[in-house]
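Reader: Hey, got a minute to go through this model with me? I'd like to hear how the helices and sheets pack.

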Amino acid sequence: MDRRKFIGGLLLAPVAAMAAGGDIVIRNAKILTVTKGSLDGSILIRNGKIAEVGPNVTAPAGARVIDAGGQFVMPGIIDCHSHIATEAVNEGSVSVSSMTGIEDTVNPEDIGIYRALAGGVTTANILHGSANAIGGKNVVIKMRWGKDAPEILLDGAMPGIKFALGENPKRRGGSDSGIATRLRYPATRMGVEDVIREAFTDARAYKATLDDYKARAAKGERVIPPRRDLKLEPLVEVLEGKRFVHAHCYRADEILMLLRVADEFGFKIRTLQHVLEGYKVAKEIKEHGAGASTFSDWWSYKVEAYDAIPYNAALMHKKGVLVSLNSDDAEMMRHLNQEAAKSVRYGGLTDDEALALITINPAKQLAIDSRVGSIEVGKDADLVIYDKHPLSNYAKVQKVFIDGEMYFERDKDMSDRAVREARRKQLMEKQKAAATAARPAGGRRPQ
Amino acid sequence: MCGWTGRRVGKNCPPCYHKSQMKRRHLLLAAAGAFAYGQSGSPGLYAIQNATIHTAAGPAIANGTIVVRNGLIEAVGANVAVPAGAWAIDGKGMHVYPGLIDSLSRWGLPAPVDGPPRIVVAAPTGGGGRRGGGDEGPSNVQFQDDGGPEERPSNTSWVKAADLVQPNDASLAAARNAGFTTAVVFPATGIFAGQGSVLNLSGGKAGDMVVSSPVGQFLSMAAVRNGLASFPGSLMGSFAYIRQIYLDAEQYKTAKAMYAQNARGLQRPAYDRALEGVLESPRALLPAGRKVEIDRMIRFGKELKTPVILYGGTEAWRAADSLKAAGVPLLMNLRWPERDRDGDPDVMDSLRTLETREMAPAGPAVLAKAGVKFAFYSGGLERPADVRRAVKKAVDAGLAKEDALRALTISAAQIYGVDDRLGSLEPGKIGNLFVTDGDWLAEKTQVKMVFVDGKKFEPTAGGQTNGPA
């Protein structure tokens, strides 16, 4: 039925003209590969992958040709810290919420996905909130607007988990109920450290129980299998190097604390998130091998976020730390290119270094750099066409491709607006009329 | 005149009924001011003749006869003889339908029994006071009515509607007046709310009402929020909690089986009523309104390794393919989303909200076309006229009338695995039916008689039913 397709057609579907399959050539483009310099030329997309990049690419017969008209093409932006596309962010009732995971609450119809596309973002790390010393499991998604939840997950991305240090996890819990809540341990930074230590001590013991069971069962002993513990399982995976840790942090002292605890238990912190005082301990971060994912110039929203400087990203980068810039915010997510541009002004990064902060660097942090993060042959065709250089404040996203499929087209968006508005007005009037008719004469609704 | 029916035609009044029950009835009326008949005494034998019979098992039968004996349907058809001794009812101009089933109901349940878990606040335990694991909730909050060996917040999985139902609850009679003969009643508070029972709205003893129990575990994703937040406090947490409980139940089952087989040398598995409740539930009911939720719950159901029924279905019109592919049945809420009549007239609703309101009543038609199994539930609509109007809305949006009837009869029975006894007018099934003076969906049609377990009730103007007559 026609109406049934309406939402599908206007609200959710990708710009369907280019379903995956046929070859596409984007020609006459200024190509910013990020990893291999920049060039004027063309990109051939085949089977959703970048098949050829060069000044002279011959369009195969039947290929759809898009003339970029001299505009800029860059790899899709990757946001290493976001909370869009999920219907829950924090399980704030407990200090270790590792049993929870964003995958259970992914919402592929969150309008934030479409808006992220409009800002050139094609991939994001969707993290649990920072209410707990050890939070829930994250997912990495692609902005495949119109697809269902499993289809927007970036398959093959390493699983991860959120940690949080400092003010948030030591707050009293459950604040989202809006009613005065009870005290929750921990209440200090010391306590945060203790919670993490105890959780991993428990995880080790749990692992030992499982191993013991397996050994005894293998010998043919009659043993009741132990209970699976969904809280400790992800922590065992961290200990085994099978799950990344993304740790929310601000202050230098707590960063060092976490790195020491991780070293002691023999696991790695994959990324430090926010890490506003990272510039003070860049050497130690580098030595541990952690990445840093920070803001360009967002700070002072609480005490632990005061000692921040706009040079943070550049300074850590120059010390050899793998650095990305993230949004942690549905609005900032739409102009991460401008956030990257600030590191040219503050810290003197080159254009490529600045763009790397929002493309190849976060891709490396998430271990998805073999798939995304730069314009290279063999990688996913996740591409953004800007009308101006993306580090310009005036640049606007024109088209966005993911896996060679066009998911956003500015012109189409603009022309669809009138259609959507007309439909909205029509339904509005109809439903207003129905509500008025249903109201009995005399005004009072029968109880 | 006989107290049974003013309409009685034909054969002799069965004497055993007549005298003894008349006396009892008057006694009861005098004593309690209420009608109440047990199933004691002689069973009824009724025949409705010359009626249009909608069996929900095939095409309608014009000028048909249906015979109900001993609480069961004995015969249905165009050429059925009226047995000797039957109370013959002239059904000229009447329509006979299978008794309606509310596929997800709270009718007859007392409010306080399955109310929210009571929480008591103990004195704060001082610095660092917390429980070992940390995920059970805060140190100074306890769930008073949670007595399992492990803390199981928001969990009354062992509670059964059949054990809670109050046969004299006014909602039962009101529903019966509208043609409902059966309700699948669930406790509905908490995450593991408890187990549902298929109940006939026959009044009398609670035990006599039970057709099948338990038929499923009612799950909600309600975070525990009673002013004092506790785990789980989010949708994510609810998923994790339910998943853990099902894993625990599986392990519990294994442990119990091993222990039962040979207890020697094994640690005794601790009794856990929350897990017992999960294990004795043949299926799980999961909430799913929007398409995103429907898809999500289909996946979750597979993970839980238990058959699931989804309830809600606001966006079913978008989810027919998913439901069809998964073979998962859906209970559809008849309370369609509507613009708030008393709301701000200038509020600008989003296109998505508007589309949902516009399309929700078309969901049943889309599901029927796709061959998805679905049933309706009253969803808090209390007045029978509202239920009928809501069904009519689905019919106006394209649902065939027969399919609408099925969604309140045989499909509901199939979903709960009781279609061998309920849901259609076929010989051998329970004598649940209702008789109207016209198409049951027409605005002015009146329900004239309702049979539950072969007992006849007649709606009265005051809303009470007389009967059994």
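Author: Sure, one convention up front: axes are lines fitted to C-alpha atoms, for helices over the stretch in contact, and angles run from 0 to 180 degrees between N-to-C directions. Helices (H or I, at least four residues) and strands (E, at least two) are DSSP runs, numbered from the N terminus.

Reader: Okay, and what kind of model is this?

Author: It's a predicted model, where local features need pLDDT of at least 70 and side-chain atom pairs 80 or more, while totals for chains, interfaces and linings use all residues. Residues are numbered from 1 along each chain as written, chains are lettered from A and ligands numbered from 1 in written order, and side-chain values use heavy atoms, without hydrogens or water.

Reader: Chain B then. How many helices and strands does chain B have?

Author: Chain B comes to 13 helices and 20 strands. It has 469 residues, and 55% of them count as buried (under 20% relative accessible area; exposed is over 50%, partly exposed in between; 1.4 Å probe, protein chains only). Among chain B contacts (heavy atoms within 4.5 Å) with a separation of 6 or more, 65% link residues 24 or more positions apart.

Reader: So how do α8(B) and α10(B) sit against each other?

Author: Helix α8 of chain B and helix α10 (residues 363-370) of chain B pack at about 25°, with their axes 8 Å apart. That makes α8(B) and α10(B) roughly parallel (under 35 degrees; over 145 is roughly antiparallel, 65 to 115 roughly perpendicular, the rest oblique).

Reader: Which residues of α8(B) and α10(B) meet?

Author: On the α8(B) side, B:A316, B:W317, B:A320, B:L323 and B:K324. They meet B:G363, B:V366, B:L367 and B:A370 in α10(B).

Reader: Does that fit with helix periodicity in general? I mean, why do residues three or four places apart point the same way in an α-helix?

Author: An α-helix has 3.6 residues a turn, so residues at that spacing end up pointing the same way.

Reader: And what else does α8(B) pack on, say α7(B)? At what angle do α7(B) and α8(B) pack?

Author: Helix α7 (residues 291-304) of chain B and α8(B), which covers residues 316-326, pack at about 15° with axes 9 Å apart. They are therefore roughly parallel too. From α7(B), the contact uses B:K291, B:I294, B:D295 and B:I298. From α8(B), it uses B:A316, B:R318, B:A319, B:S322, B:L323 and B:A326.

Reader: Which residues of α8(B) are buried?

Author: B:A316, B:W317, B:R318, B:A319, B:A320, B:S322 and B:L323 are. Just after α8(B), B:G327 takes a positive phi of about 65°.

Reader: What about α5(B) and α7(B), how far apart are their axes?

Author: 10 Å, for helix α5 (residues 235-261) of chain B against α7(B), at an angle of about 25°. So α5(B) and α7(B) are roughly parallel as well. B:L235, B:F239, B:I242, B:R243 and B:Y246 of α5(B) touch a set from α7(B): B:R296, B:M297, B:F300, B:E303 and B:L304.

Reader: Switching to strands. What's the order in the eight-stranded sheet of chain B?

Author: The order is β7-β10-β11-β12-β13-β14-β15-β16, an open sheet with mixed pairing (two strands pair if DSSP finds at least two bridges between them). β7 (100-105) and β16 (374-377) stand at the edges with a single partner strand each, so one side of each has no neighbour in the sheet. The twist averages 30° from one strand to the next.

Reader: Parallel or antiparallel for β15(B) and β16(B)?

Author: Parallel, over four bridges, with β15 of chain B spanning residues 330-333. B:L331 has B:A375 as its bridge partner in β16(B). From β16(B), B:F374 and B:F376 point one way and B:A375 and B:Y377 the other, and all are buried.

Reader: And β11(B) with β12(B), how many bridges?

Author: Six, with the strands (residues 192-200 and 210-219 of chain B) running antiparallel. There, B:G196 stands opposite B:G216 in β12(B).

Reader: Last one, chain A. Which strands make up its eight-stranded sheet?

Author: β6-β7-β8-β9-β10-β11-β12-β13, in that order, again open and mixed in pairing. Its edges are β6 (77-82) and β13 (323-325), each with a single partner, so one side of each is left without a neighbour. Within it, β9 (residues 160-164) and β10 (residues 244-249) of chain A pair parallel over five bridges, and A:F244 is the bridge partner of A:G160. Helix α7 (residues 252-265) of chain A packs on this sheet, touching β9, β10 and β11 (271-274), and its direction makes about 160° with that of β10(A).
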